[in-house]
Amino acid sequence: MREQLQNLHDQALEALEKANHLEEVESIRLKYFGKKGEMTQILRGMGKLSKEERPKMGALANEVREKLEKALEERKALLEEKKIDLQMEAEDLDVTLTKETIRLGHRHPLLQTMEELENLFIEMGFTVVDGPEIESVENNFDALNSPKDHPSRDLSDTFYIDEDTLLRTHTSPMQIRAMKNLGAPLRIVSSGRVFRPDDVDDTHSPMFHQLEGLVVDKGVTMANLIETLNVFIKEFFGEEMQTRFRPHYFPFTEPSTEVDVTCMKCKGAGCEVCNYTGWSLELLGAGMVHPNVLKNCGIDPDVYSGFAFGLGIDRIAMVKYGIKDIRLLFGNDDRFLRQF
Ligand code: FA5
């Protein structure tokens with residue numbers, strides 16, 4: 001039995017040394033210590049030994065068992081450690097590896113322009129208010145003193161939803177909402193999308209953006225309007241920019257004007273961008289709020305007066321960044337957008 005124990009000991013250790021996987025260690029354990037394992041059998045055979053031999057063999061068997069159990073544990077621990085190392089090696093990050101970089105997006109040039117405009121007017125003491133794109137005919141036309149036969153009301157000039165509702169054709173209904181909700185005095189700007197069934201060309205889009213400004217107070221004059229717009233234009237485009245006020249007609253302002261600024265490219269000298277006029281595209285409409293509009297909003301025109309203006313934000317972005325075609329702003333072409 002001594003020899004048997006010695007052989008078992010040697011064979012088991014040799015097998016353990018060769019074991020490279022935890023599963024192998026487990027099958028060795030079962031081979032020797034399982035229910036029908038070799039070591040188990042030997043221990044069971046102890047009973048057949050003589051009284052003198054039993055304690056000696058018992059002590060030897062215990063020694064072998066302890067040694068083997070220890071060896072099994074050690075091999076198991078070693079292989080477990082090795083397994084973790086291998087796993088870590090496989091998951092290791094190679095920091096020197098170059099990977100295609102992810103380009104972060106940024107705000108659309110139109111939104112950037114809108115935010116820049118709003119911030120400028122906030123600095124000038126205006127409050128920003130927000131309004132709906134789906135408007136009532138009342139706010140978009142009637143309360144703005146627009147005659148029932150005004151051409152802009154035609155089906156061909158307005159997207160109607162039903163008889164009383166439309167997609168706002170300008171941000172001017174925000175004048176009505178602001179005056180009715182806030183009363184006088186007030187100083188607000190409001191920007192957003194507007195819609196007109198205009199034919200698409202370089203400078204026209206059926207969906208574009210406007211920023212409306214409105215000041216109502218005692219003693220407000222056309223001089224305040226011109227000064228406010230001049231300060232804004234110079235702050236936004238640069239000191240060298242000149243403004244040109246052309247007389248115009250809007251039902252909701254009297255007198256009314258349209259405003260152009262110096263061509264950004266030639267600074268007024270005349271070039272192909274401005275068709276050799278020295279002036280940029282028409283940027284905005286403005287005027288003194290019509291007394292009927294004040295009255296429609298419950299404000300006494302004998303006490304209060306006001307001015308209003310409506311800027312084409314897309315056109316402003318075009319002038320500022322030298323964009324020749326408005327369609328580029330809505331085309332979502334990454335090659336165009338990443339320039340801003
Ligand atoms: C108006 O919409 C008036 N509500 C502006 C106003 C407000 C006048 C307050 C007086 C007082 P107009 O239709 O001219 O005005 O449009 C204003 C600006 O929007 C234009 O100067 C132009 O810059 C821009 N715009 C007009 N139509 C288009 C279009 N189809 N595509 C892009 N921009 C446009």
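Me: A residue is near a molecule if one of its heavy atoms lies within 4 Å of it; which residues come nearest to the ligand here?

Reply: Among the 26 residues around the ligand, those that come nearest are His170, Ser172, Arg196, Asp198 and Glu282. This is a predicted model, in which local features need pLDDT of at least 70 and side-chain atom pairs count only at pLDDT 80 or more, while totals for chains, interfaces and linings use all residues. Residues are numbered from 1 along each chain as its sequence is written, and side-chain values use heavy atoms, with hydrogens and water left out.

Me: What makes the approach of His170 to a nitrogen atom of the ligand a polar contact?

Reply: A polar contact is a pair of N or O atoms within 3.5 Å. A polar side-chain atom of His170 lies 2.9 Å from a nitrogen atom of the ligand, so this pair meets the cut-off. A polar side-chain atom of Arg196 likewise lies 2.9 Å from an oxygen atom of the ligand, and an N or O atom in the side chain of Gln210 is 3.1 Å from a ligand oxygen atom. The protein buries 94% of the 680 Å² that the ligand exposes when taken alone.

Me: Why is the pair of Phe236 and Phe237 called edge-to-face?

Reply: Rings of Phe, Tyr and Trp (its six-membered ring) pair if their centres lie within 6.5 Å, and planes under 30 degrees apart count as stacked, over 60 as edge-to-face and the rest as tilted. The centres of Phe236 and Phe237 are 4.9 Å apart with their planes at 85°, so the pair is edge-to-face.

Me: What makes Lys320 a charge over the ring of Phe236?

Reply: The definition asks that NZ of Lys or CZ of Arg be within 6 Å of the ring centre and within 35 degrees of the ring normal. Lys320 lies over the face of Phe236, at 4.4 Å from the ring centre.

Conventions: Near = heavy atom within 4 Å. Polar contact = N/O pair within 3.5 Å; in protein donor to acceptor, adjacent residues only side chain to side chain. Areas by Shrake-Rupley, 256 points an atom, 1.4 Å probe, with all protein chains shown as cover.
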